[in-house]
Amino acid sequence: MSRDKGTLFDYVIVGAGTAGCVLASRLSEDPAIRVCLIEAGPKDRHPFIHVPALVAAALATPSISWGYWTAPQRNLNGRKVPVPRGRVLGGSSSINGMVYIRGNPKDYDDWAAAGNQGWSYREVLPYFVRSENNEAFDGSPYHGKGGPMNVISIKRPNALNTAFLRAMQSLQYRHNDDFNGPDTEGYGLRQGTIRGGRRESGVTAFLEPAINRPNLSVLTRALVHRVVIENRRATGVEIQLGGETRRIGARREVIVSGGSIGSPQILMLSGVGDGVALQAFGIPVNHHLPGVGANYHDHVASSVQMVTSNSTSYGISLKALPRGAWNIFEYLLLRQGPLASNVFESHAFVKSTNSLDRPDTQIVFQPARRNQSTFPLPLGHGYNISVVLLYPRSRGRIALSSPDPRAAPIIDPNILSAPEDFEPLVGGLRLARRILATPAFARYGGTEFLPGANVESDDALKDYLRATTATVFHPAGSCRMGVGDAAVVTPALKVRGVDGLRVADASVFPRLMGGNTNAPVVMVAEKAADMILGRTPLPPLP
Ligand SMILES: Cc1cc2nc3c(=O)[nH]c(=O)nc-3n(C[C@H](O)[C@H](O)[C@H](O)COP(=O)(O)OP(=O)(O)OC[C@H]3O[C@@H](n4cnc5c(N)ncnc54)[C@H](O)[C@@H]3O)c2cc1C
């Protein structure tokens with residue numbers, strides 16, 4: 001692209017991911033305000049992006065992903081773990097799993113209790129609601145109608161989901177028909193950000209409706225090298241576009257929305273970070289802020305995997321060929337059927353110990369076999385349950401590997417470094433086995449492929465966790481919001497010590513929520529837009 005309408009703007013937004021698209025749309029609603037949105041990746045034209053069931057293919061496509069890996073993880077036998085991030089218009093919302101979950105209400109009350117005024121559940125709920133057009137819920141105070149982002153209940157989930165739901169019922173768990181209501185606990189079908197059988201990304205929901213505004217410029221394939229800071233004030237950004245280095249000026253503010261890996265990297269390249277570490281790379285220090293890059297954490301998971309010759313699951317096989325051919329035809333003709341679904345259709349939020357005040361594990365059912373190769377679509381048949389640790393205690397860091405903005409930073413989530421992180425995962429694997437052993441699954445004839453029947457003791461399961469745990473792509477916290485010295489941004493999302501500079505994306509979460517992260521990032525950006533424009537916050541709900 002470039003819809004470049006000059007080089008001096010009121011607001012410059014770095015990164016057109018989930019948050020950047022929301023901000024560009026909201027800030028440019030006023031035609032008198034000039035906004036520039038800058039994205040390192042290309043336009044979102046790749047066909048894998050738009051077909052929901054091709055999510056695994058989309059996230060593995062190198063031309064639209066940064067292709068990041070973690071540093072070798074000490075507690076995972078030295079393994080490196082993939083960390084896909086969208087490098088494309090829409091950012092990670094263009095390659096994500098489209099699951100629509102906001103987290104537990106108590107998570108936001110915890111943010112507020114830690115000093116982040118304005119971020120309690122009652123205060124953030126109106127922003128979730130404003131962003132949403134929920135096709136399924138009418139008249140609920142927890143849901144929006146007419147907002148930009150379309151949310152649906154999956155119309156024809158795979159039949160194996162019924163087995164999962166029956167299994168949970170037989171084990172006396174509670175059914176939940178709205179995981180985004182006041183109580184997240186229980187099992188049920190999940191909702192997804194899908195519109196008319198196609199992915200609903202930050203672009204389709206927020207950016208496309210705004211793209212023709214004369215006051216909005218969108219630059220793609222433009223890598224931001226650094227924020228220009230003069231006399232402790234952000235005055236613009238330096239970018240590389242088509243082999244040329246250029247400056248884009250910001251009269252009012254620069255908003256960094258590069259995501260949990262990109263945002264701390266950009267701040268550090270701009271001389272905002274740990275002074276000693278920056279000097280070691282020869283980067284002039286604009287503001288010593290050691291919290292930049294720290295507090296990095298992610299949801300992690302491991303799974304119990306079943307294989308079967310029964311062909312009910314999603315998957316490619318000779319038996320399933322006629323059905324697959326019909327599904328392709330059905331999708332092309334009607335935008336319906338399995339290809340219009342995001343595959344991850346049911347789950348449960350479960351407390352690993354009854355005494356907890358909220359669920360700490362997410363039990364995700366997948367009606368598809370896990371490939372042991374890098375092939376992006378399921379080969380053969382099976383089903384599995386992933387156990388996601390919602391509140392990891394382990395903390396790591398994003399650090400520069402080089403002063404070159406083109407070099408990947410060091411990504412170290414330090415997975416399973418906190419010993420407390422093992423127990424909920426071990427308990428979750430045991431629960432997954434119980435679920436899969438209920439009569440509800442008997443007719444599918446699955447046999448456990450991993451961990452395997454011989455992996456039974458706590459020690460053996462811990463070894464299995466070290467060998468298999470990976471992230472579920474929800475990195476957060478590396479530019480944390482807060483009031484203490486460790487905070488990078490204030491509760492107004494202003495970078496401490498530098499004027500005219502904010503961060504708004506998943507990196508500002510002080511702590512991950514008990515759920516998926518895209519909707520919370522949308523909420524953060526919606527609220528950030530109001531704060532930037534000096535608008536009165538929406539009245540608390542309900
Ligand atoms: C594979 C995958 C599956 C997921 N599944 C789900 C799910 O099902 N449900 C859910 O709720 N969440 C899911 N998530 C998480 C969710 O998508 C993210 O939390 C969310 O998109 C993060 O938004 P963000 O704005 O913080 O960052 P991003 O969306 O990653 O945006 C950052 C943008 O900044 C750009 N950028 C970075 N550095 C620069 C630079 N120097 N110059 C210019 N541009 C730059 C990037 O290219 C990118 O476009 C998933 C994520 C992934 C990767």
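How do the residues of the shell around the ligand divide into nonpolar, polar and charged? In this predicted model, the shell holds 18 nonpolar, 19 polar and four charged residues.

**View 1. The shell around the ligand.** The ligand is surrounded by 41 residues. G15, G17, G91, G97 and G262 come nearest. Two or more shell residues come from each of α1 (18–27), β13 (222–230), α8 (259–269) and α13 (518–532).

**View 2. The surroundings of I283.** I283 sits in the loop that runs between α9 (275–280) and β17 (287–288). Is I283 buried or exposed? I283 is partly exposed, because 19 other C-beta atoms lie within 10 Å, and a buried residue needs 20 or more. Beyond its neighbours within four places in sequence, I283 contacts L269, G271, L278 and P403. L269 is 14 residues away from I283 along the chain, with 7.0 Å between the two C-alpha atoms.

**View 3. The two domains.** The domain assignment gives domain 1 as 1–74 + 85–128 + 200–297 + 401–407 + 475–542. Domain 2 is assigned as 155–189 + 300–389 + 417–468. Taken over C-alpha atoms, the centres of domain 1 and domain 2 are 32 Å apart.

**View 4. The side of domain 1 that touches domain 2.** Contacts link 17 residues of domain 1 with 18 residues of domain 2. On the domain 1 side, α3 (55–59) and α4 (105–113) each supply at least two residues. The largest share, three residues, comes from α3. By class, this side of domain 1 has 11 nonpolar, four polar and two charged residues.

Key
Residues are numbered from 1 along each chain as its sequence is written. This is a predicted model: local features need pLDDT of at least 70, side-chain atom pairs count only at pLDDT 80 or more; totals for chains, interfaces and linings use all residues. Helices (H or I, at least four residues) and strands (E, at least two) are DSSP runs, numbered from the N terminus. A residue is buried if 20 or more other C-beta atoms lie within 10 Å of its own, exposed if 12 or fewer, and partly exposed in between; C-beta atoms are placed from the backbone. Two residues are in contact if their C-beta atoms, placed from the backbone, lie within 7 Å. A residue is near a molecule or strand if its C-beta atom, placed from the backbone, lies within 6 Å of it. Ala, Val, Leu, Ile, Met, Phe, Trp, Tyr, Cys and Pro count as nonpolar, Asp, Glu, Lys and Arg as charged, and the others, Gly among them, as polar. Domain bounds come from an automatic or database domain assignment.
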